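Please read the points below with the model open beside you. They are arranged by region and by kind of feature.

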Amino acid sequence: MSFLSNLINGLSLGSIYAIIALGYTMVYGIAKMLNFAHGDVIMVGGYVVFNLMTGQGMNPLLSVIAAIIVCTVLGVVIEKIAYKPLRGANSLAVLITAIGVSYFLQNAALLLFGSDVKAFVSVFNVKPFRLAGGALTITGVTVITVISCIVIMIGLMLFIKKTKSGQAMLAVSEDRAAAELMGVNVNQTISLTFAIGSGLAAIAGVLLCSAYPTLSPYTGAMPGIKAFTAAVFGGIGSIPGAFIGGILLGVIEIMGKTYISSQLADVIVFGVLIVVLLVKPTGILGQPIREKV
Amino acid sequence: MAAVKKFQSILKNKEVSRPLITYAMVILAYLIIQVLISGGILSNLLQGLLVPLCIYSIAAVGLNLCVGYLGELSIGHAGFMCVGAFTSAFFTKCTMNSGMNEMVRFLIALVIGILCAALAGYLIGIPVLRLRGDYLAIVTLAFGEIIMNLINVVFIGRDSRGFHFSMKDSVSLNLEEDGEAIMNGAKGIMRIPHQSSFTIGIILLLISLFVCYQLVNSRTGRAIMAIRDNRIAAESVGIDITRFKLLAFTISAAIAGAAGVLYGHNLATLIATPANFGYNMSIMILVFVILGGMGNFRGSVIAAVVLTLLPELLRGLSDYRMLMYSIILIIMMLYNWSPKIIAFRERHFRGKLHKKEEKEVA
């Protein structure tokens, strides 16, 4: 039974990673850049909900919606100010700018909200499910996390397959120049991608802070890096890949923590990533890189 | 007269003059600071910054070799610093009461630290350099985090029966009463003799610069740059890609190890935290390299010095300094790399420059 409950915990953590990784992978697929600041948008989402709910006593659902709006706007603004001018520049330059944005968000949060760790009150008031005569308890947050991850995944896939904007995203990720010639508004598509990714980050922030109820300006940094690892693990640029990578990484982390060593959990997570990349360098679902001279 | 002319012609050769100017700059800075210290002008705060400045400069020079010349982004270089710091500090602790001359002991510790970091770089380089681009970056990050986390669970103690090793806790080392836990897991190594000094730091910096400049201006260096510029073309003219990549990566790691040795002997207690050996540090060094200019060692040193001093000098705005630092970083990146801003600069500034040159010609 304890194995099963660990597996469920792993799935829950993995779902959060998957939602964050979706943001990374979409931005990478379409803008061809690593948005290092993505993890810190999660933290911003967490603070918005915390301040509205605990500070202003606002309805949880409304505050989550407010967080999504704030993060979406933030994502688009970051893209417009920091990343758009660098389009076509050296990819290293873009990466460093993203790191600068990440530093900026962390330090701005430090000034605005203070460095103390806040105790986050779970947004969801769902009773835990007891199965097998009370031997197996699943918390409400876990259920909501897993379900929302699956819903988001399916929603995104449908959005990309069925809508015009989704098709435009696909086209831009395949060949930006050709898409532009075909009349796709590339700038708008990239903005939309950042908007969706950042909105997802807000949801991930709420779920993360509900499952692990602490909040500080550095809350987003480590989950951000791990989710990025998950995106690479699954094959960066691929949406199902981000999902699979996230879930696997979450399960591996919880299992490693429980059965091997709690201090070595990160070593195990990163070790697995290295092994996967060496066996299949473009990740589980990644496309092989074609090379031309 | 002939000697002067010869000297002038040497200076005209950029490959020769560039390193010379850099060395001269470092030595001049050293002399000025020595004068300031003896004049009692330098505050304690700034004096405490001198060794870290050397550490960051050395690490930035080493990373620049990897990023600027090899063209591979490594965000795990703090891991190599970590290896250098801990292996050398471990050696120093082991031989502390052996009556060895302090300078000799430090030199051996330095060599051990550098060799261990180079070995780590070599071993990690073999798998990592098969990958490319973002994947390579994330794997170096992963290795850096792994090194840091592993150091935090290693316990090594010594007593009359010899060395004891554990990965659990200091109790399971089963030390006898006379024993001492040298490496204490997350508590790190304690009471390390303070042996790093500004002079040693400057000497190490000069040696690192010398090694890098010599390498870059050699046949090997040109092979490395050829790989960076076009891997497939380089391979097709018979350059052994794996060998040269590994060589550059290993040297880069070794230099980071030297910076680590300096770090390890600068503070009494050496612990591996995300702040000093985590990816934050790797990124910090990367920022020095990028802002100083990829492939420009002098720039790395200047950037490391300016960006370390800037937040300290802006302490008056204490709370806002990190925020301002990040804003400066973003603005500088946009100014240097944005295609539109570059075009704007070309139109308005380069234009004037050309006109001036034309006038001179006329």
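1. The second largest pocket takes the largest share of its lining, six residues, from helix 12 of chain B. The volume of this pocket is about 1,200 Å³, and the residues that line it number 40. Nearest to its centre lie Tyr218(A), Pro274(B), Ala275(B), Tyr279(B) and Asn280(B). Please keep in mind throughout that this is a predicted model.

2. Enclosed space deserves a separate comment, since the structure holds four cavities of 30 Å³ or more. The largest cavity has a volume of about 70 Å³, and of the 13 residues that line this cavity, Tyr24(A), Phe36(A), Ala221(A), Ile225(A) and Tyr279(B) are the closest to its centre. Two or more lining residues are given by each of helix 2 (38-55), helix 4 (91-113) and helix 9 (221-234) of chain A, and helix 9 of chain A gives the most, with four residues. Tyr279(B) is thus named both among the residues closest to the centre of the largest cavity and among those nearest the centre of the second largest pocket.

3. Which parts of chain B does the pair of Tyr56(B) and Phe288(B) tie together? Tyr56(B) lies in helix 3 (residues 44-69) and Phe288(B) in helix 12 (residues 279-292), so the pair links parts of the chain that are 232 residues apart in sequence. The two rings form a tilted aromatic pair, with 5.9 Å from centre to centre and 55 degrees between the planes. Both partners are buried, Tyr56(B) with a relative accessible area of 19% and Phe288(B) with one of 0%; the value for Tyr56(B) should be read against the limit for buried, which is under 20%.

4. Beyond that pair, a search of the whole structure finds 13 aromatic pairs over all chains. In chain B, Tyr23(B), Tyr69(B), Tyr213(B) and Phe297(B) form one aromatic cluster. Two arginines of chain B are also placed over rings: Arg243(B) lies over the face of Phe244(B), at 4.8 Å from the ring centre, while the charged end of Arg345(B) sits over the ring of Tyr335(B), 4.4 Å from its centre.

5. Leu65(B), which is found in helix 3 of chain B, counts as buried at 2% relative accessibility. Not counting residues up to four places away in sequence, Leu65(B) touches Leu70(B), Cys212(B), Leu215(B), Val216(B), Ala248(B), Ile251(B), Ser252(B) and Phe297(B). One of these contacts, Phe297(B), is a member of the aromatic cluster in chain B. Leu65(B) and Gly221(B) are 156 residues apart in sequence, yet their C-alpha atoms are 9.8 Å apart in space.

6. Is Lys118(A) buried or exposed? Lys118(A) counts as buried, at 16% relative accessibility, and this lysine lies in strand 1 (residues 118-119) of chain A. Its side chain reaches the backbone oxygen of Phe113(A) at 2.8 Å and makes a polar contact with the side chain of Asp116(A) at 3.3 Å. Leaving out residues up to four places away in sequence, Lys118(A) touches Tyr47(A), Phe50(A), Phe113(A), Pro213(A), Thr214(A) and Leu215(A), so that Phe113(A) is listed among its contacts as well as offering the backbone oxygen.

7. His164(B) is found in strand 2 (residues 162-166) of chain B and counts as buried at 16% relative accessibility. Apart from its neighbours within four places in sequence, His164(B) is in contact with Phe155(B), Ile156(B), Gly157(B), Asp159(B), Leu173(B), Asn174(B) and Leu175(B). For Leu175(B), the separation from His164(B) is 11 residues in sequence and 7.5 Å in space, C-alpha to C-alpha.

8. Two backbone angles merit a look, given that most residues other than glycine have a negative phi. Lys32(A) has a positive phi, near 55 degrees; this residue lies in the loop between helix 1 (2-31) and helix 2 of chain A and counts as partly exposed at 47% relative accessibility. Arg191(B), which is not a glycine either, has a positive phi of about 50 degrees. Arg191(B) is found in the loop between strand 3 (180-184) and helix 7 (198-216) of chain B, and is exposed, with a relative accessible area of 58%.

Note on methods
Residues numbered from 1 in each chain as written. Chains lettered and ligands numbered in written order. Predicted model: local features only at pLDDT ≥ 70, side-chain atom pairs only at ≥ 80, totals over all residues. Heavy atoms only, no water. Phe/Tyr/Trp six-rings, centres within 6.5 Å; stacked < 30°, edge-to-face > 60°. Buried < 20%, exposed > 50% of the residue type's maximum accessible area, 1.4 Å probe, protein only. Lys NZ or Arg CZ within 6 Å of the ring centre and 35° of its normal. Polar contact = N/O pair within 3.5 Å; in protein donor to acceptor, adjacent residues only side chain to side chain. Contact = heavy atoms within 4.5 Å. 1 Å grid on protein atoms, 1.4 Å probe; cavity = no way out; pocket = protein on both sides within 12 Å on 5 of 7 lines; lining within 4 Å. Points joined across faces, edges and corners; volume = space filled by probe spheres on them.
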